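Trainee: I have a two-chain model open and would like to talk through how its helices pack. Could you take me through it?

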Amino acid sequence: MTELSTSLITCSHLSMAFGSKQLFTDLNLIIPRGDFFCLLGANGTGKTTFIKLLLGKEMPTDGKIELAAELHNAANIGYVPQFRNIDANYPLSIQNFVALKLSNSFKPWLSKQEKSQVAQALELTGLTAKQQQVLGKASGGEKQRAYLAQAILKQPELLILDEPTASLDKTAKYEVLETVKRLNETAGTTIIFISHDWVLVSKYGKHYLEFDNGQYKTGTTADLGGK
Amino acid sequence: MFALNFMRYAFEAGTVVAILCGAMGVFVAARRLPFMTHTLSEIGFSGASFGVWVGLSPLQGMMIFTILSALAADRLGLGDNHNDTSDAVISAVSAFFMGLGVLFLSLSSQNSSYATSILFGSIVGINQGNVTQIVIVSLIVLLALALIYRRLKFDSFDATGAEIEHVSSHWITLIFLVMVALSVSVAAQIVGALLIFVLLTLPSASAQPFCRSVSSLMLVSVVLALIGTWGGLYLGYLTNLPVTFFIATIETCFYLISAIYRRVAA
């Protein structure tokens, strides 16, 4: 296999600055297909900007990013944002919440195929038994898995998770990460996991990129050792 | 009761408006816009008075004012979620337009009973022409709702998710605000400009603890709005007391029952 067909994202000589603040310079990186890629660094070091560059929402100051052809279709990128406005009174069930994403139709009701898409996403995230649960009353881990289920509804090649475990307790963190791991292993979805949590990164990640005040480090998570 | 023309008209208009408001209310609640809706209604009062002054029907005056305000609210960014600045802006706008309404009524030399009927509703005072106008406007809004249903649903019940999917576009907010403006205008013909909450907010809020899907929320909300409207008309007919009073009381009771259920179930 050539390098081109195994790499999903290739960054060459990438630099990004906002005014005088240099986030990173000369970043060279390949994210292979099927990777569990972790993005680390303190707040404001460039993690979110890096994602925006990948999504084409920001333009780099220098260098370029090449995305594999399938990522040019937006449906092939799933994104779970860090914050979601779901309070305790939120009325919809997990199943109905996940199905909201199927919005590109004039039919008020879901087709058979759409229903099976929802069922599959719930199955993959282990939420089948919980699908009737009201999302507002669901646990933190269940909520995150519901967001995951919505993000993978269209079976994306790439799934970006923006600190999905930040507000969760320890059990729920592992519950979410085990789900992500299963997606990565069984569905072959490439994962980009943004996190502050070194323990989770070394347990689940394959490669990492760490931003640190204008510098960056990259490698395999095995190198991180007991950090 | 139905031998009387005015009661028949009241039932026809009331039914259509209850269906419209029950359905729209679900999205007003999800987008957290009840107060903005109430303000539109107060602006509608000055629109209705303006209409009377220049020789239009109150409904037409109201539609002109509320649609223009909905467009303005959209320009000012008030059509999105509720926030603190919007509270202050909304208070100022409410006060100004209520004052303007009083001015127009005074200029049109209408007596105070006219103001009462605009502010508190005059369902048994409507005629065949009013019914036709109300039905046409309601059907247009319901048709628009059916057409944008899935996108509106996503944008209203998961704004963050919709934004990521590029579903949350500006025109959804804009169309929705115009739909709210029209709903407010027709609802005010039934329950009055000051009691718009009765049909646009209470039924959908009451439905919430019992429903897990947008379609069931709409169904229960419509049923509660219909029971209130029909019950109110019937009790008004029996007692000769204001219909609006009965509709407001019935809807408030539903809300109390729902709030108690929410407490007990939690």
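Mentor: Let us start in chain B, where helix 3 (residues 58–75) packs against helix 8 at an angle of about 150°, the axes being 9 Å apart. Axes here are lines fitted to C-alpha atoms, for helices over the stretch in contact, and angles run from 0 to 180 degrees between N-to-C directions; helices are DSSP runs of H or I with at least four residues, numbered from the N terminus. This is a predicted model, in which local features need pLDDT of at least 70, side-chain atom pairs count only at pLDDT 80 or more, and totals for chains, interfaces and linings use all residues. Residues are numbered from 1 along each chain as its sequence is written, and chains are lettered from A and ligands numbered from 1 in the order in which they are written.

Trainee: How are helix 3 and helix 8 of chain B oriented to each other?

Mentor: Helix 3 of chain B and helix 8 of chain B are roughly antiparallel, because angles over 145 degrees count as such.

Trainee: And what does the contact between helix 3 and helix 8 of chain B have by class?

Mentor: Residues of helix 3 of chain B including L59(B), M62(B) and D74(B) meet residues of helix 8 of chain B, among them T173(B), L177(B) and Q189(B), with contact meaning C-beta atoms, placed from the backbone, within 7 Å. That contact has 14 nonpolar, 5 polar and 1 charged residues, where Ala, Val, Leu, Ile, Met, Phe, Trp, Tyr, Cys and Pro count as nonpolar, Asp, Glu, Lys and Arg as charged, and the others, Gly among them, as polar.

Trainee: At what angle do helix 1 and helix 8 of chain B pack?

Mentor: Helix 1 (residues 5–30) of chain B packs with helix 8 (residues 170–191) of chain B at about 140°, with axes 10 Å apart, and the two are therefore oblique to each other. Their contact residues divide into 13 nonpolar, 3 polar and no charged.

Trainee: Changing topic, how many residues of chain B are in contact with chain A?

Mentor: On the chain B side there are 21 residues, in contact with 19 residues of chain A. Helix 6 of chain B gives the most to that side, with 8 residues, and the side as a whole divides into 11 nonpolar, 4 polar and 6 charged.

Trainee: What pLDDT does chain A average?

Mentor: Chain A averages 88, and 96% of its residues score at least 70, pLDDT being the predictor's confidence in each residue, from 0 to 100. Among the elements of chain A, helix 1 (residues 3–6) has the lowest mean, 59, and helix 3 (residues 94–99) the highest, 96. Where pLDDT is low, the predicted coordinates should not be read in detail.

Methods
Parallel < 35°, antiparallel > 145°, perpendicular 65-115°, else oblique. Contact = placed C-beta atoms within 7 Å.
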